[in-house]
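Q: Please take a close look at one part of this protein. Then show what surrounds it in the rest of the fold.

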Amino acid sequence: MDKIKVTEEKRLKAASGMAMLFVSLIVMLLGIPAYVLGGAYVSMDGPASGAVLAVAIIIGVILNCTGFIMLFGLRILQPNEALVLTLFGNYYGTLYDAGFYWVNPFCTAVNPAAKNQESAEKSAAAKSSSININMNVGQSGGSKKVSLKTTTLDNKRQKVNDAQGNPVEIGTIVIWKVKNATKAVLNVENYTEFLSIQCDAITRNAARDYPYDTSGESEEKTLRGSSQEIADIMQTELQNKVTEAGLEILDVRITHLAYAPEIASAMLQRQQAEAVIDARQKIVEGAVSMVEMALRQLSENQIVELDEERKAAMVSNLLVVLCGNKDAQPVVNSGSIY
């Protein structure tokens, strides 16, 4: 099948629905005079009265049926809705603008996604009271219109392995809308399911390409530290996947990100250990700089002359005081340091 012929969109310029409604009623009413004139001719015992009556009846039936069939071409479109039409299996055109229109009454609206939507509405209504069932089913009505409104897809949490092999749970939301109703209806079987599956695949691929977190000061992108950048990458990849389905991805956000429960406690201990090591490193770096400053100032101000052995003892004492977890207990020496 030629792909270009299927996806090439044709915007319909439909006739006014109100005008065609008036025309349809006029055509139906014109059948009444045909019956009346045929009956009057027969009552006057005119020649070939039987044939005239038959012709009058046929003309009246044709006019009534024509007007009645014309009523099936009336279509109402609400704002942010589209209607994809086919005529005897061939693509006929797409209506976009809101209003009251008339199209070929033999055209059929196409929207495979409406079947699943109707089934979901009926299953949801079945769980409610009988009053709500009637209201919900009556409102759905099996409409084949394609909604152009902005919609949110909540991609539930899924467990995947990150770049380091750690199992993580990740959940995303996708804000999207139908940009080309013709592609959405004719190029894929169900554009909502198609988007959901593609979103699931993109989320898994993104989680596999990046680690959850890295130790140290690495500039590598991570799921936790670069969530916005990774979400933008996911949006670009998802848009490339669903362009053929006529969908536009407005935004992608990571809503949930955590280690899987089976390793969460172990990874928490690891993070705590890394935090303790980082804190100790900062403390040691600060203590060394303070000892260096103390020795330099003592030497520059010529407060006291220390040999290498005494300097080593002083450095040891200062590092113990500055790096210890507990407060130091001072010892007063009243004698000579030598």
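A: Asparagine 80 lies in the loop between strand 2 and strand 3. The model is a predicted one: local features need pLDDT of at least 70, side-chain atom pairs count only at pLDDT 80 or more, and totals for chains, interfaces and linings use all residues. Residues are numbered from 1 along each chain as its sequence is written, and side-chain values use heavy atoms, with hydrogens and water left out. Strands (E, at least two residues) and helices (H or I, at least four) are DSSP runs, numbered from the N terminus.

Start with the backbone here. Most residues other than glycine have a negative phi. Asparagine 80 has a positive one, near 60°. How exposed is asparagine 80? Its relative accessible area is 47%, so it counts as partly exposed (buried is under 20%, exposed over 50%, partly exposed in between, with a 1.4 Å probe and protein chains only).

Now follow the chain onward. Strand 3 covers residues 81–87. The loop between strand 3 and strand 4 (90–95) holds phenylalanine 88. Phenylalanine 88 also has a positive phi, about 55°, although it is not a glycine. Its relative accessible area is 67%, so phenylalanine 88 is exposed.

Next, look back at strand 2. Strand 2 (74–77) is an edge strand of an open sheet, as is strand 1 (15–16). Each of these two pairs on one side only (two strands pair if DSSP finds at least two bridges between them). The sheet has 3 strands, in the order 1-5-2, and its pairing is antiparallel. Strand 1 meets strand 5 (residues 99–102) over 2 bridges. One partnership can be named: serine 16 is bridged to tyrosine 101 of strand 5.

Tyrosine 101 turns up again in a core of 10 residues, alongside members including Val103, Cys107 and Ala109. A nonpolar core is a set of buried Ala, Val, Leu, Ile, Met, Phe, Trp, Tyr and Cys residues joined through side-chain atoms within 4.5 Å. In soluble globular proteins, nonpolar side chains tend to be buried together.

Strand 3 leads to the largest nonpolar core. This core has 35 residues, and Trp176, Val178, Tyr191, Leu238 and Leu247 touch the most other members. Strand 3 supplies at least two residues of the core; so do strand 8 (151–161), strand 9 (167–178), helix 6 (181–186), helix 7 (191–209), helix 8 (227–242) and strand 10 (247–259). Helix 7 gives the most, with 6 residues.

What is valine 178 in contact with, leaving aside its neighbours within four places in sequence? Its partners are Val146, Ser147, Leu148, Ala184, Tyr191, Gly246 and Leu247 (contact means heavy atoms within 4.5 Å). The 10-residue core with Tyr101 lies apart from the largest one.

One more residue gives another view. Leucine 30 belongs to helix 2 (residues 17–43). Leucine 30 is partly exposed, at 45% relative accessible area. Its C-alpha is 9.3 Å from that of isoleucine 59, although the two are 29 residues apart in sequence.

Finally, step back to the whole protein. It has 10 helices and 10 strands. Of its 338 residues, 30% count as buried. Among contacts between residues at least 6 apart in sequence, 69% join residues at least 24 apart.
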